[in-house]
Amino acid sequence: MSKVKYYYDSETLSYKKIERKKGRRFGIVLLSIFGSFLAGFLLLLVYLNIPQIETPKEKALKRELQNMQLQYGLLNKKMDQIQNVLGNIEDRDNNIYRLYFEANPIPEETRKAGFGGINRYKDLEGFDNSKLITETTKRMDVLTKQLVVQSKSLDEIAELAKEKEDLLAAIPAIQPVKNEDLTRIASGYGWRTDPFTKVRKFHFGMDFTAPRGTPVYASGDGRVIRADNRSTGYGNHIRIDHGYGYTSLYAHLYKYNVRRGQKVKRGDVIGFVGSTGRSEAPHLHYEIFKDGEHINPINFYYGNLSPEEFDEVLKKAQQENQSLD
């Protein structure tokens, strides 16, 4: 309850009660409210313009956030470098390695495909740096997938290279009789005169004349599938399965140096020149098959002949003369 105030009236020589006017009281209330708003506004201006005082924990968190942003920036730069190197490897993979080994190139959409389906990055949303973290994580995932695709491709290339190495070792690539042991090349692949009937017929191999007992060499790696005289006209002969569809045949031998089922390497002595079977004189009759079909052996002497020697052999093999078998 507010105190009652009085004043002394000199005319009446008595104390009278002081009556407050209602308008004055309302003005005082308004003035108080306005003063409060003004004081609050001034305090807000002071708060906004004066640097806030950070606690040690807030300072540590701020430094940690800045360091995180720096690390993510460095990580993205490293990913740019890795992407450039990987892009170079992918280009060589498609245009050199896979082309050389006759493998189909890997499509670009397969190499750089993203991840569909559910949102894999939902847990990274809702933070101040969510965009930075999410985009960096997406890049890392795509880069990781590219590395996996490239790794598998290089594994495939390694297998193809191994097969290519085996293929190169298996192909009949040398002359079965050394040049220094030859008397001459009697007949090549093509139409020739039969020594017995004197009728022209197709000669499916090459004849190398050499003294009886001259070594005969395996022209490529493989496995001996025949070493017998049970094939009409060939006499003692050897057949080697080189794999990859290649087979070589060595006929009219004096004797064998291998047996059926034996594995041989290119350059191994497998037999010796003779004149068994349908033969007119000591020589080696040599044939090559690819997928069961005869092919010209002249195309397979790159392994032990110089270009000059090959040209000389080619000229002699092309002469249409009489064969020796």
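This report describes aromatic contacts, the nonpolar core, salt bridges and backbone conformation in a predicted model.

## Aromatic pair

A search of the whole structure finds one aromatic pair. Its partners are Tyr 250 and Tyr 286, whose ring centres lie 5.3 Å apart with 45° between the planes, an arrangement classed as tilted. Tyr 250 belongs to strand β10 (residues 246–251) and Tyr 286 to strand β14 (residues 283–290), so the pair ties together parts that are 36 residues apart in sequence.

Both rings belong to residues that count as buried. Tyr 250 has a relative accessible area of 0%, and the value for Tyr 286 is likewise 0%. Because buried status requires a relative accessible area under 20%, Tyr 250 meets the criterion at 0%, as does Tyr 286 at 0%.

## Charges over aromatic rings

Two lysine side chains place their charged ends over aromatic rings. The charged end of Lys 255 sits over the ring of Phe 272, at 5.5 Å from the ring centre. The charged end of Lys 290 sits over the ring of Tyr 246, and here the distance to the centre is 5.1 Å.

The second of these contacts involves the strands that also hold the aromatic pair: strand β10 covers residues 246–251 and strand β14 covers residues 283–290.

## Nonpolar core

The largest nonpolar core contains 24 residues. The members that touch the most other members are Phe 208, Ile 238, Ile 240, Tyr 250, Ile 270 and Leu 284. Tyr 250 therefore has a place both in this group and in the tilted pair with Tyr 286.

Five elements give two or more residues to the core: β6 (206–209), β9 (237–243), β10, β13 (269–273) and β14. Strand β14 supplies the largest share, three residues.

## Salt bridges between distant parts of the chain

Five salt bridges are found in a search of the whole structure. One of them joins Asp 80 and Arg 139, with the closest N and O atoms 2.7 Å apart. This bridge links distant parts of the chain, since Asp 80 is in helix α2 (residues 56–100) and Arg 139 is in helix α4 (residues 130–170), 59 residues apart. Asp 80 is partly exposed at 37% relative accessibility, and Arg 139 is partly exposed at 31%.

Another bridge is formed by the side chains of Asp 221 and Lys 265, at 3.6 Å from N to O. Here too the pair links distant parts of the chain: Asp 221 lies in the loop between β7 (215–217) and β8, while Lys 265 lies in the loop between β12 (263–264) and β13, 44 residues apart. The partners fall into opposite accessibility classes, with Asp 221 buried at 18% and Lys 265 exposed at 52%.

## The surroundings of Asp 228

Asp 228 is located in strand β8 (residues 222–228) and is buried, with a relative accessible area of 8%. Its side chain meets that of Arg 230 in a salt bridge of 3.4 Å, N to O. Arg 230 is exposed, with a relative accessible area of 65%. Arg 226, Asp 228 and Arg 230 are linked in a network of salt bridges.

Arg 230 also approaches Asp 228 through its backbone: the backbone nitrogen of Arg 230 lies 3.0 Å from a polar atom of the Asp 228 side chain. When residues up to four places away in sequence are not counted, Asp 228 touches Gly 235, Asn 236, His 237 and Tyr 256.

## Positive phi angles

Most residues other than glycine have a negative phi. Against this background, His 252 has a positive phi of about 65° although it is not a glycine. His 252 is found in the loop between β10 and β11 (253–256), where it is buried with a relative accessible area of 1%.

Asp 291, also not a glycine, has a positive phi of about 55°. Asp 291 is found in the loop between β14 and β15 (293–295). In contrast to the buried His 252, Asp 291 is exposed, with a relative accessible area of 56%.

Note on methods
Residues numbered from 1 in each chain as written. Predicted model: local features only at pLDDT ≥ 70, side-chain atom pairs only at ≥ 80, totals over all residues. Heavy atoms only, no water. Phe/Tyr/Trp six-rings, centres within 6.5 Å; stacked < 30°, edge-to-face > 60°. Helix = DSSP H or I, 4+ residues; strand = E, 2+ residues; numbered from the N terminus. Buried < 20%, exposed > 50% of the residue type's maximum accessible area, 1.4 Å probe, protein only. Lys NZ or Arg CZ within 6 Å of the ring centre and 35° of its normal. Polar contact = N/O pair within 3.5 Å; in protein donor to acceptor, adjacent residues only side chain to side chain. Contact = heavy atoms within 4.5 Å. Core = buried A, V, L, I, M, F, W, Y, C linked by side-chain atoms within 4.5 Å. Salt bridge = Lys/Arg side-chain N within 4 Å of Asp/Glu carboxyl O.
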